[in-house]
Amino acid sequence: MGDRSNPSVLIAGSANADFVVRAGRIPAAGETVLGGDLAIFPGGKGANQAVAAARAGGAPTRMLVALGDDDMARMVADSLTDAGVELDIRRSPRSTGAALITVSDTAENAITVSPGANADLGPGDLNDLGGIAWLVMQLETPLDTVSAFAGVARDRGVKVMLNAAPARALSKTLLAAVDVLVVNEDELAVLVGAEGSIADRLARTGVATTVVTLGGRGACARVGEDYILQPAFVVMPVDTTAAGDTFCGVLAAGFADGLALAEALVRAAAAAALVTTRPGAQSSIPPRADVDAFIATARQHDRDDLAAYCGLGPAAS
Ligand code: ADP
């Protein structure tokens, strides 16, 4: 197990306040529906990943984040600090990022995101990489900032993990500065198209290590010419919010803790599976001891099924 002497993980990315209302249905344009009580949660891909990395316990975790000067900023900062994340805050005159989320009784959702302060994280804001082994980013902050940070990290010998979410096309220059790319199936299709098997698509990203998460099927990684399959753990999911973010944060913490990719994938998949069994986002991210206990007893889905789905197994054409 890692300790304070381990190299750190730095998450540079977004934090939002999520405003969630349950309603009978999503309102149509021009319509008003009455919903239930408002729930306000800390969220945002970057902040979720930072909480997951810190709770994973393998490495000290820092976060570089732009926040406004408002109650939402205090809520998201407190959640990060409580999880053990050391904060490096850029203050913005804008409101802290916010997501306005309506969830219907049929589990549909409609989400409007106001990036707010997240849009003010600038290319020059990464000044301190001392003690950092891994820089982790997502795409909820400006793309020129993500590209600039990746270039700085590469120049200083810091490894870069990019979770290319939300989905968008990326330049070859940015991808060339990335050591580990993590995407879901839709994000992979936006990057490299949907032609060929999952294995074929992974081979087209141009990044040395690419991991695709496949929801309840699990994940598949391509490292150089090799593939590693990580079936999902068997659980009864109730809310998959933050599963992908937890996967990324725990994976990065595993790398900083010195785990090999296959070992880090087991921990990431186990933590992500546990998140789906609990309602909520950051509050549902499990601590290290829960993940250890779960791995010791839980079953994984069939590896051959995953192999076939990815175009790597005997059932693949
Ligand atoms: P995203 O939410 O970013 O689209 P995924 O849905 O692919 O991400 O989920 C990320 C990871 O979470 C998966 O690779 C898997 O390990 C885990 N996971 C997601 N859904 C389930 C599930 N129903 N059962 C077990 N694990 C799951």
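Val 212 counts as buried, because its relative accessibility is 0% and the cut-off for buried is under 20%. This is a predicted model, so keep that in mind as we walk through it. Val 212 sits in strand S11, which covers residues 209-213.

What does Val 212 touch, once residues up to four places away in sequence are set aside? The list starts with Val 183, Asn 184, Glu 185 and Leu 188, goes on through Ile 198 and Leu 202, and ends with Gly 218, Ala 219 and Cys 220. Phe 41 is another story: 171 residues separate Phe 41 from Val 212 in sequence, and their C-alpha atoms are 27 Å apart in space.

**Another buried strand residue**

Ala 99 makes a handy companion to Val 212. Ala 99 belongs to strand S6, residues 97-104, and it counts as buried because its relative accessibility is 4%. Leaving out residues up to four places away in sequence, Ala 99 is in touch with Asn 16, Ala 17, Asp 18 and Phe 19, and also with Ile 111, Thr 112 and Val 113. As for Ser 114, it lies 15 residues from Ala 99 along the chain, with 6.2 Å between the two C-alpha atoms.

**Out towards the solvent**

Is Asp 82 buried or exposed? Asp 82 is exposed, at a relative accessible area of 70%, and the cut-off for that label is over 50%. Asp 82 is part of helix H2, residues 71-82. Between Asp 82 and Ala 262 there are 30 Å, C-alpha to C-alpha, and the pair is 180 residues apart in sequence.

Gly 244 falls between the two extremes: at 39% relative accessibility it counts as partly exposed. Gly 244 is found in helix H7. Its C-alpha atom is separated by 20 Å from that of Val 192, and the two are 52 residues apart along the chain.

Here are the C-alpha separations side by side:

| Residue pair | Apart in sequence | C-alpha to C-alpha |
|---|---|---|
| Val 212 and Phe 41 | 171 residues | 27 Å |
| Gly 244 and Val 192 | 52 residues | 20 Å |
| Ala 99 and Ser 114 | 15 residues | 6.2 Å |
| Asp 82 and Ala 262 | 180 residues | 30 Å |

**Two backbone spots to look at**

Pro 166 is worth a click. The peptide bond leading into it from Ala 165 is cis, with omega near 0°. You'll find Pro 166 in the loop that runs between strand S9 (159-163) and helix H4 (172-176).

Ala 242 is the other one. Its phi is positive, about 75°, although the residue is not a glycine. Ala 242 lies in the loop between strand S13 (226-231) and helix H7 (243-256). Loop or not, Ala 242 is buried, with a relative accessible area of 9%.

**Helix H8**

Helix H8 takes in residues 261-276, 16 residues in total, and reaches 22 Å from first C-alpha to last, close to the 22 Å expected at 1.5 Å a residue. H8 is mostly covered, with 13 of those 16 residues buried.

**Stepping back to the whole chain**

Overall, the secondary structure comes to 10 helices and 13 strands. How does the radius of gyration fit with a compact globule? For 317 residues, such a globule would have a value near 20 Å, and the chain has 19 Å, so the two agree. The C-alpha trace spans about 50 × 45 × 40 Å along its principal axes.

Buried residues account for 52% of the 317 residues. Of the contacts between residues at least 6 apart in sequence, 67% join residues at least 24 apart. The accessible surface adds up to about 13,700 Å², and carbon and sulfur atoms supply 52% of that area.

Finally, the charges: there are 24 positive and 36 negative side chains, and the centres of the two sets are 3 Å apart.

Technical notes
Residues numbered from 1 in each chain as written. Predicted model: local features only at pLDDT ≥ 70, side-chain atom pairs only at ≥ 80, totals over all residues. Heavy atoms only, no water. Helix = DSSP H or I, 4+ residues; strand = E, 2+ residues; numbered from the N terminus. Rg over C-alpha atoms; globule rule 2.2 N^0.38 Å. Buried < 20%, exposed > 50% of the residue type's maximum accessible area, 1.4 Å probe, protein only. Contact = heavy atoms within 4.5 Å. Areas by Shrake-Rupley, 256 points an atom, 1.4 Å probe, with all protein chains shown as cover. Lys, Arg positive; Asp, Glu negative; His and termini not counted. Charge placed at Lys NZ, Arg CZ, Asp CG, Glu CD. Expected span 1.5 Å × (residues − 1).
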